[in-house]
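Grab your favourite viewer and work through the exercises below. Each one sets a task, then walks through a solution step by step.

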Amino acid sequence: MNSQEVPSNKCRYNRGYDSTHCSSSSVVIQKRWESLERPGLSRTQSLRTHGCNSGEEGLKRVSSAPQLGDQDKGSLLKRKLSVSDLESCFVDSSKLHISKAKTCRSVPEGMLDSSDFECSLCMRLFYEPVTTPCGHTFCKNCLERCLDHTPHCPLCKESLKEYLACRKYMVTTVLEVLIKQHLSHDYAERTKTHLEETRELSDLTKNVPIFVCTMAYPTVPCPLHVFEPRYRLMIRRCMDTGTRQFGMCISDSQKGFADYGCMLIIRSVHFLPDGRSVVDTIGGKRFQVLSRGMKDGYSTADIEYLQDSRVEDTNELEKLQELHDAVYEQAQVWFQNLKIRFHNQILQHFGPMPEREADIQATPNGPACCWWLLAVLPIDPRYQLSVLSMTSLKDRLVKIQHILTYLQSIPNN
Ligand SMILES: [Zn+2]
Ligand SMILES: [Zn+2]
């Protein structure tokens, strides 16, 4: 396909991702793909049924080159010819016959070009092409982004509810093989771009994805119900890149989200048939936001991780240990005396109070019991945030002690 035939109003994600904008360009592309995909696929099937010499031979043929019949060649040629002059037509068709005489496994050079294998959503060479039940092909990632918004084919609008529900986006091998073999340079470039993008998305200090929702704390579980398209994308990226992490911050009316937050580590994702998901996470490192950004609809931030300043002085450490033990015991009493209803609710949501730790400075976040208490105590998120940002265990223990003392002073707290 020639560049003239490529519609000028290409739609890309970064120009506002709305599949309806694709409609004018879609028609052209759809026709292209109908003409290219169908013969290719039926050819694969016919190879299998008629059999060459053996099953193995059949497989080799499928994976070595597209097997085009004369008629198919004609249609492909016609598409090529619409852009080239008549003279080259004769040259090409004669070459075709010669090449057929030699072998039927090769495609004459220049017969395929990368625009024949362009995803109609990102306008780039297919990467991990998947074909929907309605017969349309897209990059896997591109299709998934469409399905985040609506369970319909972005080209023909056919319902893809069942396709989405089973989430088996199998790569269309014949296409991938074609691309790898006949467009190896473009494929290498596309792979390079994909890897670069993945690397950018994997950075855990720069442009870190931020979920703006609730307070999260180190070691404390945080189950999330993910339904917004932008967060579906974000969670998928965390899984695809393998980081399995994102930042969690509470919202801030002026800045968008707070200056401090906590990383959440994804333990499991349970997808619901309609594309929503229940994501089980647990708090990781705390961080301070250095700068804010946006990526495909969700917030991002450059961050710096926080860690408690270590107490080295023996006397001071002894005092710190005493303070910790006192707060721990006070918390146990408070929790045991809670009304059974609240007690059970806390157990259900946050699990039991963490065990007393042998070394209170073992991790950069200090003992887990502090974070568990912060999560379950009925206090204002802004107050919780100020305690989250502290890098002194002593200050944190003193704050928690104040809250516990206050709560215990209220009758029937
Ligand atoms: Zn694409
Ligand atoms: Zn379709």
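## Exercise 1: Helix α9 and what follows

Let's start with the length of a helix in this predicted model. α9 has 13 residues, and from its first C-alpha to its last it reaches 18 Å, close to the 18 Å expected at 1.5 Å a residue.

**Task.** Work out which residues of α9 are buried, and follow the backbone out of the helix.

**Solution.**
- Step 1: count neighbours, taking a residue as buried if 20 or more other C-beta atoms lie within 10 Å of its own. In α9 that picks out Y231, R232, L233, M234, I235, R237 and C238.
- Step 2: step off the end of the helix. Just after α9 sits G242, with a positive phi of about 90 degrees.
- Step 3: carry on into the loop between α9 (229-241) and β5 (245-249), where you'll find R244. R244 isn't a glycine, yet its phi is positive too, near 50 degrees.
- Step 4: check how open the spot is. R244 counts as partly exposed because it has 17 C-beta neighbours inside 10 Å.

## Exercise 2: Another positive phi

**Task.** Locate N207 and say why it counts as partly exposed.

**Solution.**
- Step 1: recall the background. Most residues other than glycine have a negative phi.
- Step 2: read the torsion. Phi of N207 is positive, near 50 degrees, and the residue is not a glycine.
- Step 3: place the residue. N207 belongs to the loop that runs between α8 (184-202) and β3 (208-212).
- Step 4: count. There are 17 other C-beta atoms within 10 Å of N207, so it is partly exposed.

## Exercise 3: The nonpolar cores

**Task.** Find the largest nonpolar core and say which helix gives it the largest share.

**Solution.**
- Step 1: collect the members. The largest core has 49 residues, and those touching the most other members are A216, Y217, M234, W371, W372, L373 and L374.
- Step 2: sort them by helix. α12 (residues 368-376) supplies the largest share of this core, nine residues.
- Step 3: sort them by domain. Domain 2 (203-306) and domain 3 (314-409) each contribute at least three residues to this core.
- Step 4: zoom in on W371. Leaving out residues up to four places away in sequence, W371 touches Y217, P218, T219, V220, G283 and N365.
- Step 5: look elsewhere. Apart from the largest core there is another one, of 20 residues, including C146, L147, C153 and Y187.

## Exercise 4: A long-range pair

**Task.** How many residues apart in sequence are L323 and L397, and how far apart in space?

**Solution.**
- Step 1: place L323, which is in helix α10 (residues 314-336).
- Step 2: compare the separations. L323 and L397 are 74 residues apart in sequence but 7.2 Å apart in space, C-alpha to C-alpha.
- Step 3: list the contacts. Beyond residues up to four places away in sequence, L323 touches K394 and L397.
- Step 4: get its exposure. L323 has 16 C-beta neighbours inside 10 Å, so it counts as partly exposed.
- Step 5: zoom out to the chain. Of the contacts between residues at least 6 apart in sequence, 62% join residues at least 24 apart.

## Exercise 5: Where to be careful

**Task.** Which stretch of the chain has a pLDDT below 50?

**Solution.**
- Step 1: take the average. The chain comes out at a pLDDT of 80, and 73% of the residues score at least 70.
- Step 2: scan along the chain. The pLDDT is below 50 over residues 1-103, a stretch with 82 contacts in the model beyond near neighbours in sequence.

Conventions: Residues numbered from 1 in each chain as written. Chains lettered and ligands numbered in written order. Predicted model: local features only at pLDDT ≥ 70, side-chain atom pairs only at ≥ 80, totals over all residues. Core = buried A, V, L, I, M, F, W, Y, C linked by C-beta atoms within 7 Å. Buried ≥ 20, exposed ≤ 12 C-beta atoms within 10 Å, placed from the backbone. Helix = DSSP H or I, 4+ residues; strand = E, 2+ residues; numbered from the N terminus. Domains from an automatic or database assignment. Contact = placed C-beta atoms within 7 Å. Expected span 1.5 Å × (residues − 1). pLDDT = per-residue confidence, 0-100.
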